[in-house]
Amino acid sequence: MAHQWRGVIREYADRLPVTEATKVITLGEGGTPLVHARKLSELTGSEVYLKVEGMNPTGSFKDRGMTMAMTAAVEAGAKAVVCASTGNTSASAAAYATAAGLKCAVLVPEGKISMGKLSQAIAHGATLLQVDGNFDNCLDIARKLGEAYPVFLVNSVNPARIQGQKTGAFEVVDSLGDAPDIHVLPVGNAGNISAYWKGYKEYSAPFETANGTLPAVSTKTPIMWGFQAAGAAPFVAGHPITEPDTIATAIRIGNPASWDTAVAARDESGGLIEAVTDDEILAAHRWLSAKEGVFVEPGSAAGVAGLIKKHAAGEVPSGKTIVITVTGHGLKDPQWALRTEDGSDVQPVKVPNDVVTVAAELGLEEN
Ligand code: F0G
């Protein structure tokens, strides 16, 4: 029988801090495809899958956390929410605030968020302020607003966000039948790597709920591999970076809020957090669109860039199951697709309105 996916809260209610009385704010997030990556699998000799989070309602994984955060905001009686963002969180917050009937203010670093994300926040009626500073400065202000003013903070420092985002790990296990051997993802503010690790741990052990104990779903947890942009790689440096810089604006973050939980995810899983250059990110972005058929934004390609780099170094095992979360849709930031490897822009070929010329241009001969 056809099943309409009900959003992550209703699908995983017994594993989330909600009750039957909770008024759920949802746009039907989650239930995203786990796509077999044929070419990455051929390259590595492992079975590589992409968790395509661009298929969420606002085009990124942020919706998993935002359904929880906005539900919590309504439960707390909030009238307005605020967030800092490199773009996707603001797009998601604006959409879910609209669904909840709340006011939404978003703080973004001036000139450093993509047009797609900016338009989403505006379209959903958020009050958008461009701060003369980077994401880390925006988050400082948003936190202070949340503490001292009547606005509810929906950044991932709010634990409700991590709770919602952990459902990404549940879905991977539910699709594969067990946890993968390695889970790869981009790292920015570090909420997502923390959330996935929480989800994998919870699914691999008995889980206490108000209605009794749920049995373990998976037999193991994966090794977590996180990748940062080289110009914004505080985990690689071992300390915050004051002037983070990368073309992957989504992960242009120097002082990640979820520092300790990300380090725990890395270390408890026996994993790593390493860096990839902007060129490696753009090459992975092209690989995904041209070889796998999956269009992502540059920041989302950092995990794939990391896997390709580790493979080149001979450090990717074969015969394993590897899942890479590709975090946001390519249409968020489409201009990168039009840029060729030598840096010039692709110019579409113009043709007259005539089938013979079009056929000739396509190299076709009449049957
Ligand atoms: N990928 C994309 C597309 C993102 O938008 C982000 C973060 C990340 C990866 C990194 O995830 O922060 O949990 O480590 N974007 C945030 C935002 C910061 O404001 O939209 P993380």
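**Group meeting: a walk through the predicted model**

Okay, let's start with a pairing of strands: β2 and strand β12, residues 321-326, run parallel and are joined by 6 bridges. If you want to find that on screen, look for V48, which stands opposite I322 in β12. Before I go on, a reminder that what you're looking at is a predicted model.

Staying with β2, that's residues 47-52, and 5 of its 6 residues are buried, so call it mostly covered. Strand β1, residues 34-36, pairs with β2 too, but here the two run antiparallel, with 3 bridges between them. H36 is the one to click on there: Y49 in β2 sits opposite. And since we're talking strands, the general picture is that side chains in a regular strand alternate between the two faces of the sheet.

Now the other sheet I wanted to show. Which order do its strands come in? It's an open sheet that reads β5-β4-β3-β6, 4 strands, with parallel pairing. The edges are β5, at 127-131, and β6, at 152-153, and each of those pairs on one side only. Inside the sheet, strand β3 (residues 80-84) and strand β4 (residues 103-109) run parallel and share 5 bridges. One pair to look at is V81, whose bridge partner in β4 is C104.

Right, annotations. The UniProt record, an unreviewed entry, puts "domain: Tryptophan synthase beta chain-like PALP" at residues 25-328. Across residues 25-328 the chain comes out as 42% helix and 19% strand, and the C-alpha atoms at the two ends are 21 Å apart.

The same kind of record, again unreviewed, has "modified residue: N6-(pyridoxal phosphate)lysine" on K62. So where is K62? In helix α3, which covers residues 62-75. Buried or exposed, then, for K62? Buried, because its relative accessible area is 17% and the cut-off for buried is under 20%. If we skip the neighbours within four places in sequence, K62 contacts N88, T89, S92 and R161.

Just before that helix, have a look at T58, in the loop between β2 and α3. T58 counts as buried because its relative accessible area is only 5%, again with the cut-off at under 20%. Not counting residues up to four places away in sequence, T58 touches D63, A91, S92, A95, Y96, Q120 and K332. Note S92 in there: S92 is on the contact list of K62 as well.

On to the ligand. There are 19 residues around the ligand, and the ones that come nearest are T86, G188, N189, A190 and T327. For T86, a polar backbone atom is 2.7 Å from an oxygen atom of the ligand. N189 has a backbone N or O atom 2.7 Å from a ligand oxygen, and A190 likewise has a backbone N or O atom at 2.7 Å from an oxygen of the ligand. How much of the ligand does the protein bury? Taken alone the ligand exposes 480 Å², and 98% of that is buried by the protein.

Last one, and I'd like you to zoom in on A190. A190 is in the loop between β7 (182-186) and α9 (191-203). Its phi is positive, about 75°, although A190 is not a glycine. That's worth a second look, because most residues other than glycine have a negative phi. A190 is also buried, because its relative accessibility is 3%. So that's a residue with a positive phi that is also one of those coming nearest to the ligand.

Okay, that's me done.

Technical notes: Residues are numbered from 1 along each chain as its sequence is written. This is a predicted model: local features need pLDDT of at least 70, side-chain atom pairs count only at pLDDT 80 or more; totals for chains, interfaces and linings use all residues. Side-chain values use heavy atoms; hydrogens and water are left out. UniProt positions are given in the numbering used here, feature names are shortened, and annotations may be inferred rather than shown by experiment. Buried means under 20% relative accessible area, exposed over 50%, partly exposed in between (1.4 Å probe, protein chains only). Contact means heavy atoms within 4.5 Å. A residue is near a molecule or strand if one of its heavy atoms lies within 4 Å of it. A polar contact is a pair of N or O atoms within 3.5 Å; within protein, one must be able to donate a hydrogen and the other to accept it, and residues adjacent in sequence count only if both atoms are side-chain atoms. Accessible areas come from the Shrake-Rupley method with a 1.4 Å probe; for residues, only the protein chains shown count as cover. Two strands pair if DSSP finds at least two bridges between them.
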